[in-house]
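Visitor: Pick one part of this model for me and take a slow, close look at it. Then tell me about the rest, so I know what I'm looking at.

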Amino acid sequence: MAEFTMELNDEQKEVRDWLHGFAADVIRPAAAEWDEREETPWPVIQEAAKVGIYSLDFYAQQYFDPTGLGIPMAMEELFWGDAGIALSIVGTGLAAVGVLANGTEEQIGTWIPQMYGDANDVKVAAFCSSEPDAGSDVASMRTRAVYDEAKDEWVINGTKTWATNGGIANVHVVVAVVDPELGSKGHASFIVPPGTEGLSQGQKFKKHGIRASHTAEVILDNVRVPGSCLLGGKEKLDERLARAREKAKQGGERVKNAAMATFEASRPAVGAMAVGTARAAYEVALDYAKTREQFGRPIIDNQGVAFQIADMRTSIDAARLLVWRASWMAVNGKPFTAAEGSMSKLFASETAKNVTAQAIQILGGNGYTREYPVERMHRDAAIYTIFEGTSEIQRLVIARTLSGTPIR
Ligand SMILES: Cc1cc2nc3c(=O)[nH]c(=O)nc-3n(C[C@H](O)[C@H](O)[C@H](O)COP(=O)(O)OP(=O)(O)OC[C@H]3O[C@@H](n4cnc5c(N)ncnc54)[C@H](O)[C@@H]3O)c2cc1C
């Protein structure tokens with residue numbers, strides 16, 4: 001286990017500064033344009049691939065950083081640049097984590113590289129869990145996967161929604177029901193390989209924020225995938241289902257479901273994205289407050305403005321510490337006995353929403369226009385309290401974990 005320290009090591013500082021440079025020089029200058037265009041910023045993703053930021057190697061290195069800080073540090077810097085573009089760069093990671101959390105070594109080795117492609121032929125991946133009638137309530141998922149034993153194939157039918165990179169992805173990871181009697185415990189994750197017949201993009205959503213990130217429905221119409229595309233393999237699934245049936249008979253001890261395994265691993269990372277957006281807005285606000293003069297003095301000379309700045313920075317630092325703690329715990333195999341992952345996501349995402357709103361207030365009329373970036377940052381920040389489990393669901397998870405009772 002890595003020794004506890006509050007200081008980044010030299011290598012981490014180097015990576016952080018390199019990422020910050022890319023965020024400042026490449027991402028931030030392109031942010032307003034791609035927000036207006038509401039399209040995937042392929043040239044920026046390509047640029048990120050060229051320098052090695054959009055690559056399996058880079059994410060693997062950060063993912064396996066023994067301190068746990070590699071991923072949160074990377075997320076904070078990239079999202080500091082711009083949330084929409086950064087999500088286009090890291091969105092593939094959610095699908096990759098889905099495979100890492102549930103897949104065999106062979107599946108990891110086969111599919112994750114195809115999710116990224118290479119610098120000359122960049123690809124993206126999508127993780128498809130949410131459905132029109134199954135958002136927070138994952139257990140009411142209807143997409144069904146049925147095993148065709150004669151052909152050793154799975155046949156998947158259903159409609160997914162809100163999928164980041166849905167329909168434009170090279171590889172889709174799809175969560176589906178394999179045993180409807182078991183609720184969320186009867187789910188499994190599947191790889192849908194590139195070019196598979198029957199998978200198509202439905203509606204592409206026009207959004208409030210993170211508009212450079214593609215979000216769409218994914219339609220699965222008699223999609224057939226080989227047996228080897230079941231993440232974790234059939235034997236492991238059969239064992240897991242048998243255990244879940246047994247536990248259901250005995251009164252339902254908790255068994256982790258496929259989508260939940262992905263979300264647990266990714267929540268602190270989402271918290272880090274929120275910290276990045278919040279920090280970006282805070283920096284603009286601080287700078288503005290020091291230079292904008294009213295009544296013959298900089299507006300920061302007013303306690304009412306200065307105290308807002310103090311509160312903004314305090315909550316950002318507190319959010320980062322919660323994110324770092326959860327990430328450190330996760331990488332060192334410490335169980336989230338107080339739902340520390342959810343805590344970090346809850347606090348950081350609420351912080352991003354509040355801080356970006358305060359930044360608009362400090363910039364006054366300018367804050368409300370697209371001449372300044374805080375308006376976009378505020379729209380972007382609204383996503384953090386919604387995706388990967390809303391703030392209400394994080395509170396439910398925390399309260400249930402603390403109390404041990406099935407609070408509704
Ligand atoms: C831009 C974007 C990108 C996304 N990317 C992906 C993706 O890549 N893959 C994917 O699978 N999904 C993705 N999602 C889906 C996202 O995870 C869901 O939107 C989210 O889980 C909430 O589900 P819902 O929208 O159906 O809201 P609902 O579940 O309908 O919730 C509506 C409201 O009711 C509240 N609520 C619901 N149940 C309770 C309860 N028990 N107690 C208290 N309050 C409750 C919620 O907190 C919320 O405020 C994305 C969503 C967006 C907007």
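Guide: One bit of vocabulary before we zoom in: a residue is called exposed when its relative accessible area is over 50%, buried when that area is under 20%, and partly exposed in between. Keep in mind, too, that this is a predicted model. The part I'd pick is the stretch around strand β5, which covers residues 153–164. W162 belongs to that strand. With a relative accessible area of 53%, W162 is over the 50% cut-off and therefore counts as exposed. The backbone deserves a look as well, since phi of W162 is near 60°, a positive value, and the residue isn't a glycine. As a rule, most residues other than glycine have a negative phi.

Now step along to N165, in the loop between β5 and β6, with β6 covering 171–177. Here phi is positive again: N165, another residue other than glycine, has a value near 70°. Is N165 buried or exposed? Its relative accessible area is 2%, which is under the 20% cut-off, so N165 is buried. That makes a nice pair for inspection: W162 is exposed, whereas N165 is buried, and phi is positive in W162 as well as in N165.

Staying in this part of the chain, go on to T196. You'll find T196 in the loop that links β7 (187–192) to β8 (199–204). T196 is buried because its relative accessible area, 17%, falls under 20%. What does T196 touch once its neighbours within four places in sequence are set aside? It makes contact with V223, R224 and V225. G183 is another story: 13 residues separate T196 and G183 in sequence, and their C-alpha atoms are 27 Å apart.

Zooming out, these residues fall in domain 2 (125–250), while the chain also has domain 1 (10–122) and domain 3 (258–403). V225, which we met as a contact of T196, gives us a handy line across to helix α9 (residues 303–331), where S315 is found. The C-alpha atoms of S315 and V225 are 47 Å apart, for a sequence separation of 90 residues. S315 is itself buried, since its relative accessible area of 18% is under 20%. Beyond its neighbours within four places in sequence, S315 contacts F347, T351 and V355.

Over in domain 1 (10–122), start with Y54, in the loop between α2 (42–51) and α3 (56–63). A relative accessible area of 3% puts Y54 under the cut-off, so it is buried. Leaving out residues up to four places away in sequence, Y54 still touches a whole list of partners, among them I45, A48, I89, M115, Y116 and V124. I89 is 35 residues from Y54 in sequence, yet their C-alpha atoms are 6.4 Å apart. Then there's G93, which is part of helix α5 (residues 83–102). G93 is buried because its relative accessible area of 17% is under 20%. From G93 to A126, 33 residues apart along the chain, the C-alpha separation is 8.7 Å.

How do domain 1 and domain 3 meet? There, 29 residues of domain 1 are in contact with 29 residues of domain 3, and the C-alpha centres of these two domains lie 20 Å apart.

Finally, the whole chain. It has 12 helices and 11 strands, and its C-alpha atoms fill a box of roughly 80 × 50 × 40 Å along the principal axes. A compact globule of 408 residues would have a radius of gyration near 22 Å, and the chain's 22 Å agrees with that. Of those 408 residues, 52% are buried. Looking at contacts between residues at least 6 apart in sequence, 72% join residues at least 24 apart. About 18600 Å² of the chain is exposed, with carbon and sulfur atoms supplying 51% of that area. As for charge, there are 42 positive and 53 negative side chains, and the centres of the two sets are 5 Å apart.

Technical notes:
Residues numbered from 1 in each chain as written. Heavy atoms only, no water. Helix = DSSP H or I, 4+ residues; strand = E, 2+ residues; numbered from the N terminus. Rg over C-alpha atoms; globule rule 2.2 N^0.38 Å. Buried < 20%, exposed > 50% of the residue type's maximum accessible area, 1.4 Å probe, protein only. Contact = heavy atoms within 4.5 Å. Areas by Shrake-Rupley, 256 points an atom, 1.4 Å probe, with all protein chains shown as cover. Lys, Arg positive; Asp, Glu negative; His and termini not counted. Charge placed at Lys NZ, Arg CZ, Asp CG, Glu CD. Domains from an automatic or database assignment.
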